[in-house]
Amino acid sequence: MVFDWFKRGGSEQPQPTPTPSPEPTEELTAESVAASPEDEAMAWAREAYARLKAQQAQASEDQPSPTSTPLPTPSPEPEPAAVEQHSVDPEPPLPTPAPEPLQTPPPSQGLSLLEQAAAQRQQRQQDQDARALEPEPTPTPSPAQTPEVSDEPTLGDFDDDFTWSAEVLAAQGRRVDDISLEEIDWLGRLRRGLEKTRQGFVSGLLENLGDDPLTPEVLDDLETLLLRADAGVQATDQVLDALRQRMNVEVVDPAEGIRFLKEQLRGLLDAPIAASGGQLLAPERDRLNIWLMVGVNGVGKTTTLGKLANLAVRSGYSALIAAADTFRAAAVQQVQVWGERSDVPVVSNPSSNADPAAVVFDAIGAARSRGTDLLLVDTAGRLQTKHNLMEELQKVRKIIDRLAPEAKVESLLILDASQGQNGLRQAMAFAKAAGLTGVVITKLDGTARGGVALAVSSEAGLPIRFIGAGEGIRDLRPFNSYEFVEALLAGR
């Protein structure tokens, strides 16, 4: 089943209409006035869980047919038994002539040793041939099918992760029959990935808010929490100024303060995305799309490229990888491994220190001849202060503009969330030299500085296109500001 993540409908985010489904309201007429939000959300989640469970059961019924086919394969077991009998026959004549030359011709010991060594080599060769024939039935069990199943999302228990994921989807106006297991699985991964950032941020909010209305002291504590999460000075000032203006107009209780805070954070993240003209970055059909992966060393460019290739294939697009990182040791081999995992071809140059522009040149020709939708270009890691390396990146961009002027080119900066404000400085420098069109934030699960996403959006003015919240191949998905903020403030 193909789920197009690039046409997910992330633009449908009118949060003012959080009514999940009209069906339960008909059954609960007057009794549901007080507890309608919780009951409707739980009923919506149960109905969604039942639908997904039925879909998974139906899919599992269709899978046993291919699994039964490899069972008759272990039948060729009697064949090696016959081979073993033939391999035993030449063994008895070999040891018999071996002792004879040792006893009869004692003066010619050199020749007998050579003959004996030759006989031993021949016997070892025959033993190796016999052993090579024996392990033929062993590859019949298919352990290679297990990793393929692990890449597919599975429906877990009806727990807090599922109910929270269903509530987030319902709040975005999604219908019960319109959600997929892919979305539920990703939202659970995103929530768990932001656990470290949420622990410091939400726990501080709970300690400071309480049940009383917002006060200037609470805003001061909120400022400390935002700065500690590396949200940046500009984003923090913008959020606090909006809260202060709201407090000057009316009394703000904790629930309304959290709702208003979420609204301000979403506004910061959505501003660069709205200015770019597209809610989601998606490859265009019937047109060559070229995405460049740039960034400093060690941020996960090659890994992100492999996950993007898998995401494109799972969404129904054809992809091609250009291994243009020709300087790092084993970089081409790493890209080839990622390509094999998603069945995506890789264009590379086996020679060491090859010209990256030449690899891109060949990749563009291959993408055109195959009619590929998306060409992903892996580039070498470089510091933003190395002018010669930045000029080399501009050379690759010029090659693309000259060879494929009709292509839609995106230059994505890969940022490691654990670098915090240093990552923001990288974004500012790369934006000037590489013509960045978007940012991919990785390793959100390993840091408490997830607020750097706010700094990138507010100070660098770059739209966040994808986020990674884990090491798995499915732990990178298109960015959705509503889901990100809800996962960041889950529990409030």
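This section describes the overall make-up, the sheet, one helix pair and two loop residues of a predicted model.

The protein has 492 residues, of which 45% are buried. Its secondary structure consists of 20 helices and eight strands. Among contacts in the protein with a separation of 6 or more, 81% are between residues 24 or more positions apart.

The eight strands form an open sheet with mixed pairing, in the order 3-2-4-1-5-6-7-8. The edges of the sheet are taken by strand 3 (346-347) and strand 8 (476-478); each has a single partner strand, so one side of each lacks a neighbour in the sheet. Helix 14 (residues 301-314) packs on the sheet, where it touches strand 1, strand 2 (319-323), strand 4 (374-378), strand 5, strand 6, strand 7 and strand 8. The direction of helix 14 makes about 170° with that of strand 4.

Strands of a sheet pair through backbone hydrogen bonds, in either a parallel or an antiparallel manner. Both kinds of pairing occur here, as the sheet is mixed. Strand 5 (residues 408-416) lies between strand 1 and strand 6 in the strand order. Strand 1 (residues 289-294) and strand 5 run parallel and are joined by six bridges. In this pairing, W291 stands opposite E410 of strand 5. On the other side, five bridges link strand 5 to strand 6 (residues 438-442), and these two strands also run parallel. Here D416 is placed opposite T442 in strand 6. Strand 5 is mostly covered, with eight of its nine residues buried. An antiparallel arrangement is found between strand 7 (residues 464-468) and strand 8, which are joined by three bridges. G468 has L476 in strand 8 as its bridge partner.

Away from the strand pairings, helix 13 (residues 254-276) meets helix 19. The axes of the two helices come within 8 Å and cross at roughly 50°. Helix 13 and helix 19 are therefore oblique to each other, and their crossing is left-handed. The residues that meet are L265, L268, L269 and P272 in helix 13, and A453, L454, S457 and S458 in helix 19. By class, this contact has six nonpolar and two polar residues, and no charged ones.

One of the residues in this contact, S457, was examined further. S457 belongs to helix 19, which spans residues 452-460. With a relative accessible area of 4%, S457 is buried, because this value falls under 20%. Apart from neighbours within four places in sequence, S457 is in contact with L268, L269, P272, L462 and I464. Of these partners, L268, L269 and P272 are in helix 13.

Two aspartates in loops have positive phi values. For D286, phi is near 55°, a positive value in a residue other than glycine. D286 is located in the loop between helix 13 and strand 1. The relative accessible area of D286 is 81%, so this residue is exposed. D343 likewise is not a glycine and has a positive phi, of about 60°. The loop that holds D343 runs between helix 15 (331-342) and strand 3. D343 has a relative accessible area of 70% and is therefore exposed, the cut-off for this class being over 50%.

Key:
Residues are numbered from 1 along each chain as its sequence is written. This is a predicted model: local features need pLDDT of at least 70, side-chain atom pairs count only at pLDDT 80 or more; totals for chains, interfaces and linings use all residues. Side-chain values use heavy atoms; hydrogens and water are left out. Helices (H or I, at least four residues) and strands (E, at least two) are DSSP runs, numbered from the N terminus. Buried means under 20% relative accessible area, exposed over 50%, partly exposed in between (1.4 Å probe, protein chains only). Contact means heavy atoms within 4.5 Å. Two strands pair if DSSP finds at least two bridges between them. Axes are lines fitted to C-alpha atoms, for helices over the stretch in contact, and angles run from 0 to 180 degrees between N-to-C directions. Angles under 35 degrees count as roughly parallel, over 145 as roughly antiparallel, 65 to 115 as roughly perpendicular and the rest as oblique. A crossing is left-handed if the near helix is turned anticlockwise from the far one by less than a right angle, and right-handed if clockwise. Ala, Val, Leu, Ile, Met, Phe, Trp, Tyr, Cys and Pro count as nonpolar, Asp, Glu, Lys and Arg as charged, and the others, Gly among them, as polar.
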